[in-house]
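Have a look at the model below and turn it around a few times. Then let us walk through it together.

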Amino acid sequence: MIIIKSKKEIDFIRESAKIVAETLQLVKRYAEVGKTTLELDKIAEDYILSNDAIPAFKGYSQAGSISFPGTICSSVNEEVVHGIPSNRVLKDGDVLSIDVGVEKNGYFGDAALTVAIGTISDEKAKLMEATEKSLYIGIEQAKKNNRIGDISAAIEDYIISKGFSIVKDLCGHGVGKYLHEDPQIPNFGRKNSGAKIKNGMTIAIEPMINIGTDEVEIASDGWTVITKDKKASAHFEHTVAIINDYPEILSVS
Ligand code: MG
């Protein structure tokens, strides 16, 4: 069931999503060669708590795994999403995807970005650029009377044109009263299919894009999603509300 939000509820989601965006920008500034992902996690957690908010991923459970131990998901190179912060040291040429979720006043915001560590290869730079662009191309379709499939198809068409592959096992989602709500928002699909987009919907759009195969597997920690061919992956995400018939990005600082 898709939960339509009131203006007041969207304001609460905007407040959480703003903290998410600020946290991402802060972590991005500290993400450099020699830092560990655990150090970045601490920076994110301190910032979120100082805003009287709750890290939404910490303690999150899914069937068959330990509850998630981090504030951020930190996913390096072949790690697609859900990487657990650790003593892994960032190296020159890495790409790091950072995903942050925040709860405040009972409402959630969720966003992600990928950053280059030092100097990255042209291929990784092109991957990051295409993934971020596909997010905005998807967001443009999140308008009244379109359907979820219009978002999916726009992302797919663009990514295919760039020669990259789309992770099919994971997708975007409604967000707001819960971290994950209906509808699911795949990053591939058919135009004019799926649920109709309405004012008051709040959704997280999040393309996860690979250089090589679209196939992924779960690492032995039970969380980290990695590409089967170990080639790099990128991830960008925004929380978006449909207001006055058009998308407004809420995860901005
Ligand atoms: Mg999400």
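Here is a short tour, from the whole chain down to single residues.

This is a predicted model, in which local features need pLDDT of at least 70, side-chain atom pairs count only at pLDDT 80 or more, and totals for chains, interfaces and linings use all residues. Residues are numbered from 1 along each chain as its sequence is written, and side-chain values use heavy atoms, with hydrogens and water left out.

Let us start with the overall picture. The protein chain holds 4 helices and 15 strands; helices (H or I, at least four residues) and strands (E, at least two) are DSSP runs, numbered from the N terminus. Along the principal axes, the C-alpha atoms fill a box of roughly 45 × 45 × 35 Å. The radius of gyration of the protein chain is 17 Å, which agrees with the value near 18 Å for a compact globule of 253 residues. That radius is taken over C-alpha atoms, and the globule rule is 2.2 Å times the number of residues to the power 0.38.

Of the 253 residues in the protein chain, 55% are buried. Buried means under 20% relative accessible area, exposed over 50%, and partly exposed in between (1.4 Å probe, protein chains only). The protein chain exposes about 10900 Å², and carbon and sulfur atoms supply 50% of that; accessible areas come from the Shrake-Rupley method with a 1.4 Å probe, and for residues only the protein chains shown count as cover. Among contacts (heavy atoms within 4.5 Å) between residues at least 6 apart in sequence, 71% join residues at least 24 apart.

Now find the magnesium ion. Its protein donors are Asp110 (OD), His173 (NE2), Glu206 (OE) and Glu237 (OE), lying 2.2 to 2.5 Å from the ion. Donors are N, O and S atoms within 2.8 Å of the metal (3.2 Å for Na, K and Ca), and water is not among the atoms, so sites may look incomplete. In sequence, the donor residues are spaced D-x62-H-x32-E-x30-E. Asp110 lies in strand E5 (residues 107-116) and Glu206 in the loop between strand E9 (202-205) and strand E10 (208-210), so this pair ties together parts that are 96 residues apart in sequence. Both Asp110 and Glu206 are buried.

From Asp110 you can step across to Thr239, in strand E14 (residues 238-243). The side chain of Thr239 reaches the backbone oxygen of Asp110 at 2.6 Å. Thr239 is buried, with a relative accessible area of 0%, and its contacts beyond four places away in sequence include Ile13, Val175, Ile203 and Leu250.

Next come two helices. Helix H2 (residues 37-50) has 14 residues and spans 20 Å from its first C-alpha to its last, close to the 20 Å expected at 1.5 Å a residue. The expected span is 1.5 Å times one less than the number of residues in the helix. Its buried residues, among them Leu40, Ile43 and Ile48, pack against helix H1 (7-30), strand E1 (54-55), strand E2 (72-76) and strand E4 (95-104). Just after H2, Asp52 takes a positive phi of about 55 degrees. Helix H3 (residues 122-140) has 19 residues and reaches 27 Å, close to the 27 Å expected. Lys124 is one of the buried residues of H3.

Lys124 is also among the residues touched by Asn77, which sits in the loop between E2 and E3. Asn77 is buried, with a relative accessible area of 11%. The side chain of Asn77 makes a polar contact with the side chain of Asp94 at 2.9 Å. A polar contact is a pair of N or O atoms within 3.5 Å; within protein, one must be able to donate a hydrogen and the other to accept it, and residues adjacent in sequence count only if both atoms are side-chain atoms.

Glu78 is found in the loop between E2 and strand E3 (79-81). Glu78 and Ile226 are 148 residues apart in sequence, yet 5.5 Å apart in space, C-alpha to C-alpha. Glu78 also touches Lys230, whose phi is near 65 degrees, a positive value in a residue other than glycine. At 45% relative accessibility, Lys230 counts as partly exposed.

One last stop is the backbone around strand E8 (residues 181-185), where Pro183 lies. A cis peptide bond joins Asp182 and Pro183, with omega about 0 degrees.
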